[in-house]
Structures are given as C-alpha cells and as structure tokens.
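Let's walk through this structure together, starting inside and working outwards. Have the sequence and the 3D view ready as you read.

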Amino acid sequence: MSSIEVSLWRGGKDGRYQVFSVPQRANQTVLDVVTWVQRNADPTLSYRFACRVGMCGSCAMTVNGRPRWTCRTHISKVVENGKLEVGPLANLPVIKDLACDMQAFFEKWQAAKGVFAPSKTRADAIENIEPATAPRVAADAAIECINCAVCFAVCDTVRWNEDYLGPAALNRAWTLVNDVRDAGTRERLTAIATSGGCHACHSHQSCQEHCPNKLNPTASIAGLKRRTMQAYLRGEL
Ligand code: SF4
Ligand code: SF4
Ligand code: FES
C-alpha cells in the first residue's frame with residue numbers, strides 16, 4: 001500500500017511541523033488523514049471536527065497553505081508530490097496543534113450585531129416573507145454561512161487590523177439588515193460603520209474566492225457600505 005508524507009503542526013504559536021507517514025486510501029479526505037494519525041500514531045494530537053459532511057464548520061485547517069474544510073477536501077485534490085502539510089487556521093491564536101481559539105471570531109460576530117432583534121412578540125401572527133422580494137433575495141444569497149472562519153483566515157485586512165470585524169460577521173450583518181422582521185438595523189449599521197467595520201474592507205475578494213459554501217462576503221460588505229452611506233446622508237448615523 002502506498003503512503004503519503006503528512007506534516008502536521010504540533011504545539012502552540014512557537015510549535016513546529018511533525019512528519020507522519022499515513023497509508024493512502026481511495027476517497028480519503030484530509031480529515032481522514034488527521035484522524036488516522038490521532039488514532040494510530042499519536043493520540044495526543046489535538047484537532048476539531050463534528051459533522052464530517054460540511055455542515056458544522058468546525059474542521060477548517062490550513063492545507064498546503066490554503067484554508068479549507070478538511071472533511072470535504074479529498075487528498076487527491078491537494079497532495080503535492082506525495083506530501084501534505086496541515087496547520088491551524090491563520091489569523092486566530094493556536095490553542096494546540098490544529099485547534100485554534102475561535103473566541104475573537106465569534107466576538108466579532110457579536111460586535112457586528114449578528115443576532116436577530118425581534119420586532120414582534122409571541123402574540124403576533126407569523127409574518128409571511130415573499131421569496132421573490134429584493135431584501136429576501138439578498139438575504140438568501142448570504143445566509144448559508146456555517147461559521148467555519150475560512151474567510152476570516154484568508155482576509156488580509158483581518159491580519160493587519162485587529163479591530164476589523166471580518167467577512168463572516170459582516171456577511172451575517174447583511175442578512176439581518178435585509179430581514180424585514182428585524183428591528184435592530186440602526187444599531188447594527190452604527191456598529192458596522194466604525195473604523196473596524198465594513199469600510200475597512202478593500203474588496204479584493206479573497207473571502208469570496210475561498211468560501212467553501214460559495215458565498216460572496218465581498219458583495220454583502222459592498223451592500224453594507226451602500227446602506228451605511230445612505231443612513232449617514234439621511235442623518236441616521
Ligand atoms: S462566509 Fe463562507 S468561509 Fe466565511 S465563515 Fe461563512 S461559510 Fe465559512
Ligand atoms: S474582500 Fe474584504 S472581507 Fe473579503 S478578504 Fe478582502 S478585505 Fe477581507
Ligand atoms: S466536520 Fe463539520 S464541516 Fe467539516
């Protein structure tokens with residue numbers, strides 16, 4: 001049976017890559033390779049996953065220099081000369097090995113007011129939203145985010161500007177700005193018009209290029225730039 005040479009990041013920020021030889025199998029994913037190492041070579045290897053089917057967003061790692069969902073990446077697509085290098089996501093602190101600390105990522109989600117603010121009570125009738133209306137179409141295009149942080153890891157504005165809210169949190173804010181049932185738009189636009197908000201994005205589209213769900217946070221952020229500018233001109237910000 002042939003094998004592949006896999007370099008896995010070990011330790012924290014000052015760690016190093018450790019090389020393992022892993023048997024190669026048909027239809028093997030990067031997550032399968034990492035799991036093989038943990039089960040057969042070193043049970044102390046730390047990494048994170050849950051669903052294995054591209055739904056939970058917990059298995060993202062840097063694979064041969066690029067952030068990817070490891071459960072949905074077949075090694076046949078990424079192995080170079082029989083070698084694979086797997087590290088933690090960039091732009092987040094490493095806890096240990098392949099697991100990074102997602103706290104800053106989710107705090108930015110909160111800072112962008114990424115939580116639905118209800119405009120109705122339980123006593124009100126459920127509102128019908130027509131699928132073809134412009135706000136619903138805009139929200140639909142951005143709503144399938146699973147919080148994997150791939151876009152956050154690849155965004156160079158996140159790297160340079162620690163206050164920047166990042167593509168995922170801003171993309172989420174855009175879905176809520178387009179939700180006609182939400183009552184938090186003014187507060188949300190105020191939060192994302194700050195110096196670390198939507199206007200810090202330079203629109204080079206790395207987030208859109210790398211999002212495994214084929215979402216386009218750059219377009220969502222462009223929408224937020226327009227909406228914050230309109231609100232400012234109306235004197236609402
Ligand atoms: S926008 Fe895409 S890459 Fe970014 S967190 Fe959501 S699913 Fe992941
Ligand atoms: S387009 Fe904006 S959010 Fe996306 S990667 Fe570039 S700077 Fe980051
Ligand atoms: S393990 Fe859930 S998305 Fe990969």
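The paragraphs below take up the core, then a ligand site, then two pockets.

Keep in mind that you are looking at a predicted model. A good place to begin is its largest nonpolar core, which has 57 residues. Within this core, Leu8, Leu84, Leu98 and Leu224 have the most contacts. Helix H7, spanning residues 167-177, gives the core its largest share, six residues. If you centre your view on Leu8 and set aside its neighbours within four places in sequence, you will find it in contact with Arg16, Tyr17, Gln18, Phe20, Val34, Val37, Leu45, Val86 and Leu98.

Now turn to ligand 2, which is surrounded by 13 residues. Cys155, Thr157, Tyr164, Cys201 and Cys207 are the closest of them. Two helices, H9 (206-210) and H10 (217-233), each supply at least two residues of this shell. Its make-up is six nonpolar and seven polar residues, with no charged ones.

Helix H9 also leads us to the largest pocket, where H9 and strand S4 (66-69) each supply at least two lining residues. S4 accounts for the largest share of that lining, with four residues. The pocket has a volume of about 230 Å³, and its lining includes Trp69, Lys77, His210 and Lys214. By class, six of the lining residues are charged, four nonpolar and two polar.

Finally, have a look at the second largest pocket, with a volume of about 170 Å³. Among the residues lining it are Phe116, Lys120, Arg122, Asp124, Glu127 and Arg181. Here the lining has five charged, four nonpolar and two polar residues.

Key:
Residues are numbered from 1 along each chain as its sequence is written. Chains are lettered from A and ligands numbered from 1 in the order in which they are written. This is a predicted model: local features need pLDDT of at least 70, side-chain atom pairs count only at pLDDT 80 or more; totals for chains, interfaces and linings use all residues. Side-chain values use heavy atoms; hydrogens and water are left out. A nonpolar core is a set of buried Ala, Val, Leu, Ile, Met, Phe, Trp, Tyr and Cys residues joined through side-chain atoms within 4.5 Å. Buried means under 20% relative accessible area, exposed over 50%, partly exposed in between (1.4 Å probe, protein chains only). Contact means heavy atoms within 4.5 Å. A residue is near a molecule or strand if one of its heavy atoms lies within 4 Å of it. Ala, Val, Leu, Ile, Met, Phe, Trp, Tyr, Cys and Pro count as nonpolar, Asp, Glu, Lys and Arg as charged, and the others, Gly among them, as polar. On a 1 Å grid over the protein atoms alone, a cavity is a set of points where a 1.4 Å probe fits but cannot get out, and a pocket is an open set with protein on both sides within 12 Å along at least five of seven lines; lining residues have an atom within 4 Å of a point. Grid points are joined across faces, edges and corners, and a volume is the space filled by probe spheres set on the points.
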